[in-house]
Amino acid sequence: MKKINIIVCLIILILLIGILISLNVLYIHLSNSLKLNGKKEIEINYNETYEELGVKKIKLFNKDLSKNVKIKNNINNKKIGKYKVTYTLKFLMFKISKTRTVNVVDKTEPTITLNGEEEIYICPGDFYEDEGYKAYDEYDKDITDKVKRKVDENGNIIYEVEDSSGNKVTKVRKIIREDKEPPVISLKGNSTIYVKLNSKYNDAGYTLHDNCDVNPKIEVINRVDTTKENKYEVTYKATDKEGNVSTAKRNVYVYSEANAGIVYLTFDDGPSGTGSTEKILNILKQENVKATFFVTSSGPDYLIKREYDEGHAIALHTSTHDYSKVYKSVDAFFEDLNTVKSRVKRITGLDATIIRFPGGSNNTVSNNYNYGIMDILTKEVLNRGYNYFDWNITSGDSGECTTSSCVYNNVVNRLSRQKVNMILMHDIKMFTANALSDIIKYCKNNGYTFKIIDSTTQPIRFK
Ligand code: ZN
């Protein structure tokens, strides 16, 4: 009986030992199986989200116990520090834990922002006064007061700042001391000057400005000799202390009055009661310039009266200006011409003898009405005491031009100081009236002289 008891006790003991060994083996297995995915210690940046990597699979009799693992952490990614993540597995009477350390750190460099440009150009020898700067760190916020400034051997400014986590940043403001800009010479007066022979030439001078040099040097070479008709140049050469050079020049034409370009402003087809003739007369009066009007029977009498009274030349352009009438026959031409001649006589008392053929003396339109009539008329008008004038500059105002700028450009581009300038315009065109003031100003600024056609004028005629 005692023996049996001992055997039973032994069996129980062996079973107990077996259970204990088994449990121990299980514990060791579970403990070894609880393994972290990733590293035991990881670092994340301030504000960066912590991503849980979890644990590896824990196998027990074809079952995965990793789903039973409880994960806890107290990570605050807004605050630098060391945090723990705990992984706990409870199974039967066992409680197994592992931990992971998470370091929240600040690895972001602060930034330095400069007021003003990062590249500063200043004159050699000038002092640059710092326009200021700001330093900001995502963790420390404003750290402007921690910025250290120094100037390197080239004069550049180095800004350096370090945040509380030791992240350092530097920024450079390049200071470039150089002057590549030459002085600026501004001529007073026109860059082209016309001076009468044997008069005195006074140079209008200049103003001088330089970005770095208060007192740049200037050399003026003036070889104008007003006793000789010629084209001269006055040259200006300015040099700043860095050796930058600029030049300017003025053209001076010394001319004799006798050879100066003469301008005849001639207006055909008027007068016009629509305002253009009146406007032309107003401009001529204001500029004190006299012109020649080749009038017809159109428009009101008072405008012809005014033209005459204000010293302009009144000339004849036929009464009707109708090609089919005036060029029908020689008699028809003179009959028509006489009508306007009488009109002028009636208004002004003047016996006008200066004429211009409608379409000019070489027109071919007259052939449509009487072939070859111009050959006869050009001789016959002279026989009868008339003097006829064509033109050598057309303003284009009865052809290609419909704007003032077109008229202006045609006239000034065709002017020459080497010849008599007989300009054909039409006072019935308002855009011509609107161009006149600029044309006169151009002529005056370029040394032209205005004249009216009279009995002494050398005729301008087409061949
Ligand atoms: Zn005409």
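Modeller: A crossing of two helices is left-handed if the near helix is turned anticlockwise from the far one by less than a right angle, and right-handed if clockwise. Here the model is predicted, so local features need pLDDT of at least 70 and side-chain atom pairs 80 or more, while totals for chains, interfaces and linings use all residues. Residues are numbered from 1 along each chain as its sequence is written, and side-chain values use heavy atoms, without hydrogens or water.

Biologist: Which way does α2 pass α8?

Modeller: The crossing of α2 over α8 is right-handed. With α3, in contrast, α2 makes a left-handed crossing.

Biologist: What makes α2 and α8 roughly parallel?

Modeller: Helix α2 covers residues 276–287 and helix α8 residues 430–445, and they pack at about 15° with axes 8 Å apart. Angles under 35 degrees count as roughly parallel (over 145 roughly antiparallel, 65 to 115 roughly perpendicular, the rest oblique). The pair α2 and α8 is therefore roughly parallel.

Biologist: And why are α2 and α3 called roughly parallel?

Modeller: Helix α3 (residues 301–309) packs with α2 at an angle of about 15° too, with the axes 11 Å apart. So α2 and α3 are roughly parallel as well.

Biologist: Now the metal! Which residues coordinate the zinc ion?

Modeller: Asp269 does so through OD, and His317 and His321 through NE2, at 2.1 to 2.2 Å. A donor is an N, O or S atom within 2.8 Å of the metal (3.2 Å for Na, K and Ca), and water is not among the atoms, so sites may look incomplete. Along the sequence, the spacing of these residues is D-x47-H-x3-H.

Biologist: Is His317 buried or exposed?

Modeller: Buried means under 20% relative accessible area, exposed over 50%, and partly exposed in between (1.4 Å probe, protein chains only). His317 has 2%, so it counts as buried.

Biologist: Why does His321 get another label, partly exposed?

Modeller: Its relative accessibility is 22%, so His321 counts as partly exposed.

Biologist: Let's turn to the sheet. What makes β15 and β17 edge strands?

Modeller: The open sheet has four strands in the order β15-β19-β18-β17, with mixed pairing. β15 (192–196) and β17 (217–222) each pair on one side only.

Biologist: How do you know that β17 and β18 pair?

Modeller: Pairing needs at least two bridges found by DSSP. β17 and β18 (residues 230–239) have six, in the antiparallel sense. There, Lys217 stands opposite Thr239 in β18.

Note on methods: Helix = DSSP H or I, 4+ residues; strand = E, 2+ residues; numbered from the N terminus. Axes fitted to C-alpha atoms, helices over the stretch in contact; angles between N-to-C directions.
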